[in-house]
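Today I opened my notebook to look up two things: how the parts of a protein sit relative to each other, and what surrounds its ligand. Come and read along.

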Amino acid sequence: MRKTVIVIVSIGLMLFAACKKQTSSEQTLIDNKVDSVLKLMTLEEKIGQLSLYTSDMDQTGAFIRKEYIQDIKQGKVGAIFNAYGAAYTRKLQAMAMNTRMRIPLLFGYDVIHGHRTIFPVPLAEASSWDLGAIELSARVAATEAAAEGLHWTFAPMCDIARDPRWGRVVEGAGEDPFLGSLIAKARVQGFQGSDLSAVNTVAACVKHFAAYGAAQAGRDYHSVDMSERMLRETYLAPYKAAIDAGAVTVMSSFNDLNGIPATANHFLMTEILRNEWNFKGFVVTDYTSIMELMFHGVAADTAQASEMSINAGIDMDMQSGFYNQALEKLVKENKVSEKTIDEAVRRILKVKFQLGLFDDPYRYCNEEREKTTLMKPEFLEAAREVARKSIVLLKNDNNLLPISKQTKNIAVIGTLADNKREMIGSWSAAGNWTKSISLLEGIKASAPQANVLYAKGCNIADDSTQYFAEALNVAKKSDVVILAIGEAAYMSGEAASRSSLDLPGVQLQLVQKIHELGKPVVVVLMNGRPLTINWIGEKIPAILETWFLGTQAGNAIADVLFGDYNPSGKLPITFPRAVGQIPIYYCMKNTGRPMDVNNKYTSKYLDISNEPLYPFGFGLSYTTFEYGEPMLNKKEMTEAEVLTVSIDVKNTGKYKGEEVVQLYIRDLVASVARPVKELKAFQKIELEAGQSKTVTFEISSKELSFYRADMSFGVEKGKFILMIGSNSRDTKNIDFMLN
Ligand code: GLC
């Protein structure tokens with residue numbers, strides 16, 4: 001524990017060091033400097049700043065433009081991505097410093113959940129409901145990325161996702177706009193600190209704007225179609241929170257929104273982002289998105305696609321090369337004004353000034369700092385801490401967990417148990433999987449006296465049962481079986497939609513065979529999305545949801561298995577019982593015929609319950625928590641007032657534990673049908689065994705406001721229900737009036 005405190009303190013000091021506020025006079029100074037550079041640039045040089053190309057060091061899209069080095073030397077590149085390392089970025093930067101204008105390059109990369117020290121995948125971190133832990137993760141990622149010459153990360157991904165078939169659900173914060181907004185803010189603060197010129201901060205990039213997570217049928221890159229109310233009330237919230245937190249760049253999404261591709265969508269990129277939200281940074285497209293306007297069928301050629309994008313409000317062209325090809329002619333034809341070009345260049349140069357690159361283009365290319373920064377012990381300890389907090393205990397019948405370290409024979413079964421690569425998940429950037437700790441290693445390290453027996457059991461995705469016999473033999477010799485099952489890392493992330501949420505391959509059959517032996521079995525899930533583990537949920541006594549926990553995965557899971565850490569995670573996304581229920585999420589509407597099992601003519605299925613397998617906000621502990629009755633300081637409030645609600649929470653078990661006390665609100669009657677509940681606050685508290693604490697929340701008009709029938713945002717008088725509990729299903733309720 002002492003070590004953890006030292007770690008957190010030392011990183012806290014790092015946080016403090018990054019917190020130098022840029023005053024408005026500094027901003028004006030930067031604006032003046034930008035203008036002084038801009039007026040010296042030719043039109044071609046200006047257009048060059050609007051292009052972003054990938055290096056061939058890493059590949060995150062369909063194709064690479066081989067001429068990127070020549071483009072840099074000709075001043076046709078504003079930024080390079082997928083290039084890192086102090087020496088390599090210095091080499092590329094020197095090429096830009098050799099051009100007429102000597103404008104420094106931006107170096108960007110997908111530092112999504114760690115750079116070298118890999119933290120849990122974002123959906124796992126979201127399961128911690130611990131904003132400090134999430135900010136810490138981004139802080140460490142920024143420090144390592146900046147030490148390797150990077151200025152800019154393409155994160156946080158802020159896409160609300162309510163369809164687990166979509167592989168990129170792993171990259172976000174789940175289904176809820178309130179939780180997603182707080183997490184987006186924490187990630188931006190972690191990446192950017194308050195001083196972008198500090199050499200341990202990087203520019204954030206709010207992606208994928210907008211509503212990419214609502215891809216139809218959960219199929220990646222598919223169309224998105226929704227009402228403006230759904231868009232504003234649910235999907236836009238986390239992007240706005242990230243921008244309000246100071247994010248300096250935004251990335252447009254691949255999808256069309258109501259027929260207009262985001263990359264040509266003036267409503268999104270100018271009316272909302274600029275005019276409503278007053279966003280001052282720059283907008284970059286996603287990979288070749290301008291070229292893809294032709295596939296969408298809204299642009300006939302390079303020129304039309306480029307004209308649509310720049311006039312919609314897109315500043316930088318990732319990888320299509322269309323701006324370099326078409327903009328100069330479009331300006332000469334008066335189809336694009338040079339003023340528009342200037343505005344885009346100004347926004348990009350401003351970020352380069354904010355990063356301090358004009359003062360010293362090589363400030364992030366320090367090989368000495370690189371050597372002493374990467375994968376420091378305190379970063380590994382932080383990764384273990386965040387990973388522990390990201391684990392969700394889904395079931396623990398008869399308190400099978402935690403397992404005693406004095407257990408004689410422990411069977412560890414499943415190919416994922418002896419696997420390092422999958423532990424770092426998708427979008428693991430520069431992470432070195434050979435340095436990650438497997439579950440088998442973690443268990444052996446935590447229980448050195450135990451006789452640990454391993455068997456592969458089966459592969460993740462094929463139908464071979466040839467390894468079953470060995471696994472059953474190992475299980476028979478054990479006192480307890482730890483069974484690691486789930487997905488491979490490639491099965492979630494980009495371009496990784498699945499039509500089924502079942503366990504791939506013959507893993508379920510393996511579980512069923514082992515279950516027949518009658519041994520105590522703990523299932524450890526390793527996956528990038530909710531899975532329909534119905535049989536396991538019913539028959540297996542203990543289940544841990546561990547997602548993909550990063551470099552320290554094995555140690556963190558072992559900490560929980562043996563009780564060195566009492567699990568505290570809560571699901572940020574609903575687990576369906578069947579794909580047929582999708583979309584299924586906690587904050588749905590009541591409908592005019594709410595489900596009634598005794599009435600045929602109500603909203604339900606013939607073949608399955610409406611209920612999820614596990615609800616949003618669900619997660620158990622090794623201890624138990626008892627909730628008192630909610631208490632209000634008054635039964636009525638006006639829009640100008642604040643209502644206080646308190647509730648006593650008691651740790652009624654024998655372990656110290658953390659509990660996420662969640663507060664939901666329902667607006668019973670309004671000018672539009674409102675969700676049956678919406679998360680509006682939560683507090684993660686720690687209680688010693690037997691300790692009780694009064695948890696208090698304040699309710700103001702902010703928590704009660706919504707987009708009314710006329711799309712104005714505000715409150716409506718009437719009766720509300722407050723629901724407080726340990727998840728979205730099990731709550732204590734009380735009502736009050738808004739007068
Ligand atoms: C990818 C992803 C995006 C990523 C970008 C650069 O296609 O959609 O999230 O940041 O390209 O790698």
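I looked up the domain spacing and found the C-alpha centres of domain 1 and domain 2 34 Å apart. Domain 1 covers 383-581 and domain 2 covers 625-738, with bounds that come from an automatic or database domain assignment. In their contact (heavy atoms within 4.5 Å), I noted 6 residues from domain 1 and 9 residues from domain 2.

A reminder to myself: this is a predicted model, where local features need pLDDT of at least 70 and side-chain atom pairs pLDDT 80 or more, while totals for chains, interfaces and linings use all residues. Residues are numbered from 1 along each chain as its sequence is written, and side-chain values use heavy atoms, without hydrogens and water.

Next I turned to the ligand. Which residues come nearest to the ligand? Among the 14 residues around it (a heavy atom within 4 Å), they are Thr60, Asp110, Arg168, His208 and Asp286. I sorted the shell by class and got 7 nonpolar, 2 polar and 5 charged residues; Asp, Glu, Lys and Arg count as charged, Ala, Val, Leu, Ile, Met, Phe, Trp, Tyr, Cys and Pro as nonpolar, and the others, Gly among them, as polar.

Then I checked distances from side-chain N or O atoms to ligand oxygen atoms. For Asp110 I read 2.5 Å. A polar side-chain atom of Asp286 is 2.6 Å away from a ligand oxygen, and one of Lys207 is 2.8 Å away from a ligand oxygen. The protein covers 99% of the 310 Å² of accessible area that the ligand has on its own (Shrake-Rupley method, 1.4 Å probe).

Technical notes
A polar contact is a pair of N or O atoms within 3.5 Å; within protein, one must be able to donate a hydrogen and the other to accept it, and residues adjacent in sequence count only if both atoms are side-chain atoms.
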